[in-house]
Amino acid sequence: MTSYEIIEQLKIVAEMKVSVNDETGEFTYTSEQIEAYEKSIFASREQKLNAIQDYKLTLNDSIVRFKEKKAMQDLNIKRTQKKQDYLKGLQIDLLGGDKLKTDEFNFYYTTCKKVNILDIDLIEDKYCKFEKVAILKDIKEAMELAIKNKESFFGAELLESKSLVVK
């Protein structure tokens with residue numbers, strides 16, 4: 001029996017309890033009849049409630065497993081990234097700053113420039129978007145141009161770093 005059918009049967013039981021014969025004024029159903037009908041409906045209701053709770057617990061277990069799996073995946077991603085960083089450090093140590101071309105790979109270094117904002121308020125508005133959110137690409141280009149023209153650029157500095165490239 002479905003939940004909806006059980007709910008409808010419970011409504012019928014409630015109607016049976018107050019059903020009165022219009023001619024005699026007596027109750028239409030005896031208490032024994034109502035009790036027997038109620039007993040079967042209540043048994044179905046208990047089974048349905050138990051089945052629904054079991055399913056809810058199964059779903060809850062699934063949610064917990066999904067969360068644990070995601071947490072494990074996140075942890076595994078972090079572990080894998082740390083391993084990659086460690087192995088990259090080993091490669092840098094092994095290369096000692098030299099280029100190397102092997103049968104499989106070409107190892108070399110490239111110079112990267114990165115903008116470090118020192119004071120956002122000193123950056124000109126034309127390099128910012130929406131209430132002083134810096135556009136780093138534009139700032140980097142402007143700083144490189146200022147350095148080339150031997151001019152000052154306030155509020156940021158250009159940092160250079162070397163990065164290992166493997167192709």
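Lys11 counts as partly exposed, at 45% relative accessibility. In this predicted model, Lys11 forms a salt bridge with Glu8, and the closest N and O atoms of the pair are 3.5 Å apart. A search of the whole structure finds 3 salt bridges. The protein has 167 residues, of which 13% are buried. The points below cover the overall make-up, helix α2, the nonpolar core, the salt bridges, the loop after α1 and a surface patch.

**Overall make-up**

- The protein contains 3 helices and 5 strands.
- Read from the N terminus, the order of these elements is α-α-β-β-β-β-α-β.
- The exposed area of the protein is about 13,900 Å², and carbon and sulfur atoms supply 54% of that area.
- Among contacts in the protein with a separation of 6 or more, 56% are made by residues 24 or more positions apart.

**Helix α2**

- Helix α2 covers residues 31–95, and Leu87 is one of its residues.
- The 65 residues of α2 should span 96 Å at 1.5 Å a residue, and the 93 Å between its end C-alpha atoms agrees with this.
- The buried residues in α2 are Ile34, Glu38, Ile41, Ser44, Ser62 and Leu95.
- Ser44, in helix α2, has a relative accessible area of 19% and is therefore buried, the cut-off being under 20%.
- Leaving aside residues up to four places away in sequence, Ser44 touches Met1 and Ile6.
- Gly96, just after α2, takes a positive phi of about 60°.

**The nonpolar core**

- The largest nonpolar core has 5 residues in all: Ile6, Val13, Met16, Ile34 and Ile41.
- Both α1 and α2 supply at least two residues of this core.
- Helix α1 gives the most to this core, with 3 residues.
- In soluble globular proteins, nonpolar side chains tend to be buried together.
- Val13, one of the core residues, touches Ile34, Tyr37, Glu38 and Ile41 when residues up to four places away in sequence are not counted.
- Two of these partners, Ile34 and Ile41, are also listed in the core.

**Salt bridges**

- Glu8 and Lys11 both lie in helix α1 and are 3 residues apart, about one turn of the helix.
- Glu8 counts as partly exposed, at 27% relative accessibility.
- A salt bridge also joins the side chains of Glu38 and Lys17, with 2.7 Å from N to O.
- Because Glu38 lies in helix α2 and Lys17 in helix α1, this pair ties together parts that are 21 residues apart in sequence.
- Glu38 counts as buried, at 13% relative accessibility, whereas Lys17 counts as partly exposed, at 43%.
- Glu38 is also among the residues that Val13 touches.
- Lys70 forms a salt bridge with Asp74, and the closest N and O atoms of this pair are 3.5 Å apart.
- Both Lys70 and Asp74 lie in helix α2, 4 residues apart, which is about one turn of the helix.
- An α-helix has 3.6 residues a turn, so residues three or four places apart point the same way.
- Lys70 is partly exposed, with a relative accessible area of 49%, and Asp74 counts as partly exposed at 34% relative accessibility.

**The loop between α1 and α2**

- Thr28 lies in the loop between α1, which covers residues 3–18, and α2.
- With a relative accessible area of 40%, Thr28 is partly exposed.
- Not counting residues up to four places away in sequence, Thr28 touches Ser19, Val20, Asn21 and Gln33.
- From C-alpha to C-alpha, Thr28 and Lys17 are 8.4 Å apart in space, and they are 11 residues apart in sequence.

**A nonpolar surface patch**

- Tyr86, Leu87 and Leu90 make a nonpolar surface patch of about 310 Å².
- Leu87 lies in helix α2 and is partly exposed, with a relative accessible area of 48%.
- Leu87 can join such a patch on accessibility because its 48% is over the 30% that patch residues need.

Note on methods. Residues are numbered from 1 along each chain as its sequence is written. This is a predicted model: local features need pLDDT of at least 70, side-chain atom pairs count only at pLDDT 80 or more; totals for chains, interfaces and linings use all residues. Side-chain values use heavy atoms; hydrogens and water are left out. Patches are made of residues with over 30% relative accessible area and no salt bridge: like charges are joined within 9 Å, nonpolar side chains (Val, Leu, Ile, Met, Phe, Trp, Tyr) within 5 Å. Accessible areas come from the Shrake-Rupley method with a 1.4 Å probe; for residues, only the protein chains shown count as cover. A salt bridge is a side-chain nitrogen of Lys or Arg within 4 Å of a carboxyl oxygen of Asp or Glu. Buried means under 20% relative accessible area, exposed over 50%, partly exposed in between (1.4 Å probe, protein chains only). Contact means heavy atoms within 4.5 Å. The expected span of a helix is 1.5 Å times one less than its number of residues. A nonpolar core is a set of buried Ala, Val, Leu, Ile, Met, Phe, Trp, Tyr and Cys residues joined through side-chain atoms within 4.5 Å.
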